[in-house]
Amino acid sequence: MFDLNELERAHAIVGQAVPATPAHAWPLLAERLGTQVVVKHENHTPAGAFKVRGGLVYLDRLKRERPNIPGIISATRGNHGQSLAFAASRHGVTAVIYVPRGNSVEKNRAMKAFGAELVEHGEDFQAAREEAGRHAQFAGLHIVPSFHTDLVLGVATYALELFRAAPDLDILYVPIGQGSGICGCIMARDLLGLKTEIVGVQSTEAPSYALSFAAGQVVTTETSNTLADGMATRIPDPEALAVILKGASRIVQVTDDEIALAIHALWTDTHNLAEGAGAAALSAALQEKTTLSGKRVGLVLSGGNIDFDLFRGWVGTDAPVAHRATA
């Protein structure tokens, strides 16, 4: 998809707007997992999630190749849309973003605050994406897909930072939505010549990539009802799946309850707020805790953009006692 020189140039582009995010080793998390652990804090970007990197690289190329582009359009559950809105505003480009009805209130507000025109359509991401494609043809806007080489190139810059800060990681857990994050990690690892095992994480309620990985080909699902909206994908991208099949060791499925416990653990152990997808890596590591002894583990905290009501219901004062357990 790209070489190390291109990744370095992308990192320079991203760095104009996004300082390198921290990679911290938290002692309480180490106690919880019973081994060494490093967290890559993509919740610390200006948009609160890793996706902003992809938007910056994508818009940089688009504006160079098509300086008079009238505007962009895309669909999202939140972080992809925030990324595009953030990048488009820096380049003076109009951004129209489609979201499904009932989408995250806070993510919707953030996209509008970054300058996007927000349109609600359909019951899930797939319906919103299809409608965005139809509207793009009608309005003459450039449609930005959810998976693209430039998006992967951009988000791979966080993996470049992580692997240079912690090149001795034995295993890295990465959440999967449309696949740009895990593909970026695989590409960066391979370009740096490292041996880190990369493990994808999906929700049991939206397991399309996990099913596809097991089958060796694209498998779709009828629903994606996880509360971890960043992983709510029904139809895998074939190009992303090809990279994952070649470069990941496996995909772990986690329940919403396991994600809730991981959000609480990240809050108590690191005082960082994670959204559902952002906590998925920890939930998978906890599920596989007995196999991790003696290994140096990396966790991608991909974002912290969680609705307050969901946080309160999952792990806050309104959550069941089991969700608020610290063990």
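# Notebook: buried charges and a mixed sheet

I began with Glu161, which is buried at a relative accessible area of 13%. A reminder to myself before going on: this is a predicted model.

**Entry 1: around Glu161**

I looked up where Glu161 sits and found it in helix α7, residues 149–165. Which residues does Glu161 contact, leaving aside its neighbours within four places in sequence? I noted His11, Ala20, Thr21, Lys40 and Arg53. The 13% falls under the 20% cut-off, so I file Glu161 as buried.

**Entry 2: the salt bridges**

Next I turned to charged pairs. Side chains of opposite charge can pair when their charged atoms come close. How many salt bridges does a search of the whole structure find? I have 18 in my notes, and I picked out a few to look at.

I went to Arg53 and Glu42, whose side chains meet in a salt bridge at 2.7 Å, N to O. Arg53 lies in helix α3 (residues 52–65) and Glu42 in the loop between β2 (36–41) and α3, so this pair ties together parts that are 11 residues apart in sequence. Are these two buried or exposed? Arg53 is buried at 0% relative accessibility, and Glu42 is buried at 0% as well.

The side chains of Arg101 and Glu123 also meet in a salt bridge, again 2.7 Å from N to O. I see distant parts of the chain linked here: Arg101 is in the loop between β4 (94–99) and α5 (105–113), while Glu123 is in the loop between β5 (117–120) and α6 (125–139), 22 residues apart. Arg101 is partly exposed, with a relative accessible area of 46%, whereas Glu123 counts as exposed at 62%.

Then I checked Lys107, which forms a salt bridge with Glu275, the closest N and O atoms being 2.9 Å apart. Why does this pair tie together parts far apart in sequence? Lys107 lies in helix α5 and Glu275 in the loop between α11 and α12, so the parts joined are 168 residues apart. I found both Lys107 and Glu275 buried.

Back to my starting residue: salt bridges that share partners join Glu161, Lys40, Glu42 and Arg53 into one network.

**Entry 3: His271**

While I was at the loop between α11 (256–270) and α12 (276–287), I looked at His271, which has its place there. His271 has a positive phi of about 60 degrees, although it is not a glycine. His271 counts as exposed, at 62% relative accessibility.

**Entry 4: the sheet and its helices**

What is the strand order of the open sheet of 6 strands? I wrote down β1-β2-β10-β7-β8-β9, with mixed pairing. The edge strands are β1 (23–24) and β9 (250–254), each pairing on one side only.

Inside the sheet I followed β7 (residues 171–175), which is joined by 3 bridges to β10 (residues 296–301), the two running parallel. Opposite Tyr173 I found Leu299, in β10.

Helix α7 turned up again here, since I had already met it with Glu161. Helix α7 packs on the sheet and touches β1, β2, β7 and β10, and its direction makes about 145 degrees with that of β2. Helix α8 (residues 180–192) packs on the sheet too, touching β7 and β8 (197–203). I noted about 180 degrees between the direction of α8 and that of β8.

Definitions and conventions. Residues numbered from 1 in each chain as written. Predicted model: local features only at pLDDT ≥ 70, side-chain atom pairs only at ≥ 80, totals over all residues. Heavy atoms only, no water. Helix = DSSP H or I, 4+ residues; strand = E, 2+ residues; numbered from the N terminus. Buried < 20%, exposed > 50% of the residue type's maximum accessible area, 1.4 Å probe, protein only. Contact = heavy atoms within 4.5 Å. Salt bridge = Lys/Arg side-chain N within 4 Å of Asp/Glu carboxyl O. Pairing = 2+ DSSP bridges. Axes fitted to C-alpha atoms, helices over the stretch in contact; angles between N-to-C directions.
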